[in-house]
Structure formats: C-alpha cells, structure tokens
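This report covers the fold, the salt bridges and the surface patches of one protein chain. The sequence and model come first.

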Amino acid sequence: MPKQCTATAKETALSGDLDLAALDFTLQNFGEFLRHVRKTRGVSIRDFEDAVGKTRAYISDIERGKNKPPDKALLDLMIEKLNLSEYPRIVNKLYDLAAVGRNAVPDDLKDWIMEDIAHRELLRTCRDKHLTSAQMSGLLKIVEDM
C-alpha cells in the first residue's frame with residue numbers, strides 16, 4: 001500500500017503560494033488542466049479523492065477526458081480543497097473549461113446573468129452588434145478601468 005501524505009504535508013502543500021508561472025494556461029481540456037493544477041499543488045489523486053468524496057476512478061476519468069467535467073457544486077469543492085480561491089485566473093479557467101466540456105454557460109456566470117435584465121441585455125446587444133474580438137477586448141478594457 002502506498003504511503004499516504006500526513007495532514008501536515010498536505011496542509012503545507014496547499015498553504016503555500018502557487019507559482020502561476022509554473023502553470024500551463026494553454027491547456028484547453030478541463031481534465032488535463034485540473035490534473036496539472038492538482039499535481040502542481042502537490043496533491044495525489046488519492047488525497048484528492050478523499051478530499052472531495054469521489055472515487056479515484058471517477059476523478060481519473062474526468063482528468064483523462066473520459067467523463068464530463070463536474071457540476072458547479074463539485075467544481076466549487078475541488079477549487080476549495082485545492083485552495084485556489086485566491087487565484088481567480090485559475091478558477092475562471094476551470095469554470096470556462098468545464099463549461100466548454102459540458103457545452104454550457106460557465107456556472108460562475110449563470111446567477112449573474114439571471115439576476116438582472118440589464119446583464120442579459122448587455123450580452124444580447126454585444127451579440128446582435130456582431131462585435132469582433134478586438135471590439136470586445138476594447139469594451140472589456142473600458143469596464144476594467146471603471
């Protein structure tokens with residue numbers, strides 16, 4: 001039986017800062033990116049399965065692309081257990097890749113879109129105006145500078 005990490009070793013691995021330069025943000029598959037983040041965090045699949053309450057086979061299937069990305073509740077738990085909340089770039093990438101894998105709107109945006117008609121009108125107007133990527137980037141810059 002392989003030696004399991006002690007709680008202290010796990011806590012140490014997850015409490016330190018994550019070197020964003022060590023992450024490959026070019027990965028375009030949810031499972032590959034999740035595995036990459038998990039391994040960069042120093043968390044074994046055994047420890048991860050225990051932390052999120054899923055089987056190793058289930059997690060392995062997600063990481064290998066043989067199963068769809070998890071729903072919001074499980075993804076939020078994975079983000080919490082990997083101690084990623086302070087890394088919005090990683091969290092957003094996980095939400096986006098999960099949504100692409102499920103052919104859905106990213107879960108972190110659904111509530112925001114539905115909470116106010118102005119949010120939906122903004123999105124529809126951008127769509128109806130057929131804004132280019134450059135125009136969308138310009139709009140994003142304006143919003144970020146507000």
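Along the sequence, the protein reads α-α-α-α-α-α-α-α-α, with 9 helices and 0 strands in its secondary structure. Helices (H or I, at least four residues) and strands (E, at least two) are DSSP runs numbered from the N terminus. The model is predicted: local features need pLDDT of at least 70, side-chain atom pairs count only at pLDDT 80 or more, and totals for chains, interfaces and linings use all residues. Residues are numbered from 1 along each chain as its sequence is written, and side-chain values use heavy atoms, with hydrogens and water left out.

Of the 146 residues in the protein, 30% are buried. Buried means under 20% relative accessible area, exposed over 50%, and partly exposed in between (1.4 Å probe, protein chains only). The accessible surface comes to about 9500 Å², and carbon and sulfur atoms account for 54% of that surface; the areas come from the Shrake-Rupley method with a 1.4 Å probe, and for residues only the protein chains shown count as cover.

Helix 3 spans residues 45-52, and its buried residues are D47, F48, E49 and V52. After helix 3 comes G53, with a positive phi near 70°.

The whole structure holds 9 salt bridges, each a side-chain nitrogen of Lys or Arg within 4 Å of a carboxyl oxygen of Asp or Glu. Three of the pairs are set out below.

| Pair | Closest N to O distance |
|---|---|
| R56 and E49 | 3.1 Å |
| D107 and K110 | 3.2 Å |
| D128 and R127 | 2.9 Å |

Salt bridges with shared partners also join R35, R38 and E63 into one network. In the first pair of the table, E49 is buried at 12% relative accessible area, while R56 is partly exposed at 34%. D107 and K110 both belong to helix 7 and sit 3 residues apart, about one turn of the helix. D107 is buried, at 8% relative accessibility, and K110 is partly exposed, at 38%.

W112, L122, L123, M136, L139, I142, V143 and M146 make a nonpolar surface patch of about 780 Å². Helix 8 (117-128) and helix 9 (133-144) each give two or more residues to this patch, and helix 9 has the largest share, 4 residues. L139 lies in helix 9 and is partly exposed, at 31% relative accessible area. Patch residues have over 30% relative accessible area and no salt bridge; like charges are joined within 9 Å, and nonpolar side chains (Val, Leu, Ile, Met, Phe, Trp, Tyr) within 5 Å.
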